[in-house]
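Let's take a walk through this protein together, starting from one spot and working outwards. Keep the sequence and the 3D view open as you read.

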Amino acid sequence: MAIKNNEPIDDDDYIDIDDTGPEGLKGADGGYAWEEEYKRSWDAIQEDDSGSIQSAVKHMSEQMRRKRRPRDTEAIQRGIIRHLIVVVDQSDSMGIKDMMPSRIHVTLNMLGTFVSEFFDQNPISQIAIITTKDGLAEKLTDLSGNPMDHINALKDRASKDLAGEPSLQNALELAMHNLRRAPTHGLREIVCVFGSLTTCDPGDIEKTLEALKHAQVRVSMVHLAAEVHIYKRICQETKGEYTVPENEHTMKDALFDYIPPPPVVSAKATSDMIQMGFPIKANNLQVPTPCVCHHELSFSGYICPRCKSKVCSLPTDCDVCGLPLVSAPHLARSYHHMFPEENYEEATVTVELEDSVCFGCGAQWIDSAAVQQQQQQQQQQQQLETLPHIPASSGTGRFKCPRCKHGFCLDCDIFIHETLHNCPGCV
């Protein structure tokens with residue numbers, strides 16, 4: 001619109017980009033609207049009467065542990081022999097420092113813990129590690145049941161090796177090539193840890209997706225940046241899971257969700273007889289003999305019952321006759337996935353337990369009247385305060401086994417379900 005000189009200008013000719021004024025930008029709490037998107041974590045910690053924040057920190061830690069309590073206890077068919085390929089992104093995107101000191105450092109450290117915990121709960125399974133960068137995929141370790149081989153390989157992989165873009169297609173093709181040698185009675189899984197929003201693929205990834213579905217390979221991914229359509233689609237169509245963690249804690253939870261074996265799909269829900277060998281341990285040999293796994297001389301080892309070859313550690317496959325070698329404790333530790341321990345019921349302040357102390361550790365229970373009075377004081381304090389706060393726990397920290405009716409504290413409850421896998425009261 002053209003305006004002549006010295007001509008009066010109407011108010012309609014102006015465009016006010018801030019018609020609401022400063023007051024229109026205010027949020028419901030009196031601050032600016034954009035400030036409501038950010039949470040100040042230091043406001044959530046409240047001091048007690050003595051000025052200490054120890055009780056608030058303890059309460060936050062207890063809430064985090066309570067989130068881990070609910071577990072899937074349904075007795076369904078699961079595969080206890082698993083062949084898992086871990087794909088690690090080593091592109092330039094993994095050098096971003098939104099996780100301190102960097103994404104790759106947090107990933108490698110967390111994968112070391114993941115490998116140890118995986119073999120602790122799945123002792124007769126195997127893992128291999130593949131890395132991808134510069135549009136290529138490289139096999140870091142072969143399928144093996146020895147956790148130290150994978151942990152040492154992850155420690156040797158430094159962050160200075162980051163370069164270029166990853167190739168999801170090359171990584172999946174290499175993983176499928178390694179899984180082709182896996183027996184059909186085991187589960188075939190791929191877990192990817194990616195930080196890049198792009199992938200440099202040499203061909204049609206749709207053909208790779210069809211090959212994954214035909215080979216019944218389950219693909220899951222933990223992405224450290226955002227949700228990518230093709231990544232999520234591959235996970236969904238192969239019956240896997242796609243997760244985008246917010247921080248290091250949620251990343252650990254997402255990785256550790258892959259430790260329990262997934263349910264067996266209906267197409268593979270068959271019962272097959274599997275040959276396994278229980279070798280005899282040979283100690284204090286007078287003459288050192290070589291092992292068939294590392295070709296090194298040693299005075300101890302395990303003798304294969306079929307071909308009488310010696311291996312260094314269990315579980316493993318005999319390199320001479322191919323017989324899977326395990327021990328009885330390995331099978332016992334894998335058995336708990338089939339029949340998980342039931343979740344304990346949290347007792348209220350009005351319900352008295354049969355035990356005066358925790359049946360697991362022997363700790364004294366807090367008086368029920370004192371617990372109820374403390375909860376009332378916390379609720380009154382929350383009504384008076386206007387700052388954000390941690391909500392008070394409505395539980396008593398006492399948990400009861402539904403079968404033996406014995407009481408356990410929160411720490412014992414977590415230890416029983418995550419490590420022991422058997423109720424001491426029922427045993």
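Begin by finding A175, which sits in helix α5, the stretch covering residues 168-179. One thing to know before going on: what you're looking at is a predicted model. Is A175 buried or exposed? Its relative accessibility is 0%, so A175 counts as buried; the cut-off for that label is anything under 20%.

Who keeps A175 company? If you set aside the neighbours within four places in sequence, A175 is in contact with I85, I130 and I190. There's also V87 to look at: going along the sequence, A175 and V87 are 88 residues apart, but from C-alpha to C-alpha the gap in space is 8.3 Å.

Now hop over to E189, which you'll find in strand β4, residues 187-194. With a relative accessible area of 5%, E189 is buried too. Again leaving out neighbours within four places in sequence, the contacts of E189 include R82, H83, L84 and I85. L179, R218 and P262 are in contact with E189 as well. I85 is worth a second glance, since I85 also turned up among the contacts of A175.

Next, a pair of helices. Helix α3 takes in residues 103-121 and helix α4 residues 147-156, and their axes come within 9 Å of each other. What is the rough angle at which those axes cross? It's roughly 180°, and that makes α3 roughly antiparallel to α4. On the α3 side, the residues that meet α4 are L108, L111, G112, V115, S116 and F119. Facing them from α4 are P147, H150, I151 and L154. F119 has another role to show you: ring pairs link F119 with F114 and F118 into a cluster.

That brings us to aromatic rings in general. How many aromatic pairs does a search of the whole structure find? The search turns up five. Take Y344 and F408: the ring centres are 5.3 Å apart and the planes sit at 20°, so this pair is stacked. Y344 belongs to the loop between α9 (328-335) and β14 (345-346), while F408 is in strand β16 (residues 407-409), so the pair ties together parts that are 64 residues apart in sequence. Both Y344 and F408 are buried, and F408 has a relative accessibility of 0%.

F408 has a second ring partner, F359. Here the centres are 5.9 Å apart and the planes are at 80°, so F359 and F408 are edge-to-face. Since F359 lies in the loop between β14 and α10 (368-384) and F408 in strand β16, this pair ties together parts 49 residues apart in sequence. F359 itself counts as partly exposed, because its relative accessibility is 35%. One more ring to find is F256, where K252 lies over the face at 5.5 Å from the ring centre.

Finally, zoom out to the whole chain. Its secondary structure comes to 11 helices and 16 strands. There are 427 residues, and 38% of them count as buried. Among contacts between residues at least 6 apart in sequence, 65% join residues at least 24 apart. As for the outside, the accessible surface comes to about 24,900 Å², with 52% of that belonging to carbon and sulfur atoms.

How values were computed: Residues are numbered from 1 along each chain as its sequence is written. This is a predicted model: local features need pLDDT of at least 70, side-chain atom pairs count only at pLDDT 80 or more; totals for chains, interfaces and linings use all residues. Side-chain values use heavy atoms; hydrogens and water are left out. Rings of Phe, Tyr and Trp (its six-membered ring) pair if their centres lie within 6.5 Å; planes under 30 degrees apart count as stacked, over 60 as edge-to-face and the rest as tilted. Helices (H or I, at least four residues) and strands (E, at least two) are DSSP runs, numbered from the N terminus. Buried means under 20% relative accessible area, exposed over 50%, partly exposed in between (1.4 Å probe, protein chains only). A charge sits over a ring if NZ of Lys or CZ of Arg is within 6 Å of the ring centre and within 35 degrees of the ring normal. Contact means heavy atoms within 4.5 Å. Accessible areas come from the Shrake-Rupley method with a 1.4 Å probe; for residues, only the protein chains shown count as cover. Axes are lines fitted to C-alpha atoms, for helices over the stretch in contact, and angles run from 0 to 180 degrees between N-to-C directions. Angles under 35 degrees count as roughly parallel, over 145 as roughly antiparallel, 65 to 115 as roughly perpendicular and the rest as oblique.
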